[in-house]
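Trainee: Could you take me on a close look at one single part of this model? I'd like to hear how its surroundings fit together.

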Amino acid sequence: MERLGPVLMTALSTGLALIPLAVAGGDPGSEILSPIAIVILGGLLSSTALNLVVIPALFLKFGSKKETM
């Protein structure tokens, strides 16, 4: 829970900065920037979902067992 704020704030600020580039696909001069911004936004969304949902779930399933020797 202590990582939720920083991760969401970083992803949100980066995503908000990339939205104008992703939307301006038809404008002259943004033929390369628009696809790159869309790919970066997709990666940002998937990495944020992994960081907030999948990794904690895997840790709870596999990381909480105590080792017995």
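Mentor: Happily! Let's begin with I55, which counts as partly exposed because its relative accessibility is 49% (buried is under 20%, exposed over 50%, partly exposed in between, with a 1.4 Å probe and protein chains only). This is a predicted model, with local features needing pLDDT of at least 70 and side-chain atom pairs pLDDT 80 or more, while totals for chains, interfaces and linings use all residues. Residues are numbered from 1 along each chain as its sequence is written, and side-chain values use heavy atoms, without hydrogens or water.

I55 sits in helix α2, which covers residues 33-63 (helices are DSSP runs of H or I, at least four residues, numbered from the N terminus). I55 also helps line the largest pocket, together with M1, E2, R3, L4, N51, L52, P56, F59 and L60. That pocket has a volume of about 240 Å³ (on a 1 Å grid, an open set of points with protein on both sides within 12 Å along at least five of seven lines; lining residues have an atom within 4 Å of a point; the volume is the space filled by probe spheres set on the points). Helix α2 gives the most to the lining, with six residues. By character, the lining divides into seven nonpolar residues, one polar and two charged (Pro and Met count as nonpolar, Glu and Arg as charged).

For contrast, look along the helix: L45 also lies in α2, and it counts as exposed because its relative accessibility is 64%. The C-alpha atoms of L45 and P20 are separated by 16 Å, with the two residues 25 apart along the chain.

Definitions and conventions: Helix = DSSP H or I, 4+ residues; strand = E, 2+ residues; numbered from the N terminus. 1 Å grid on protein atoms, 1.4 Å probe; cavity = no way out; pocket = protein on both sides within 12 Å on 5 of 7 lines; lining within 4 Å.
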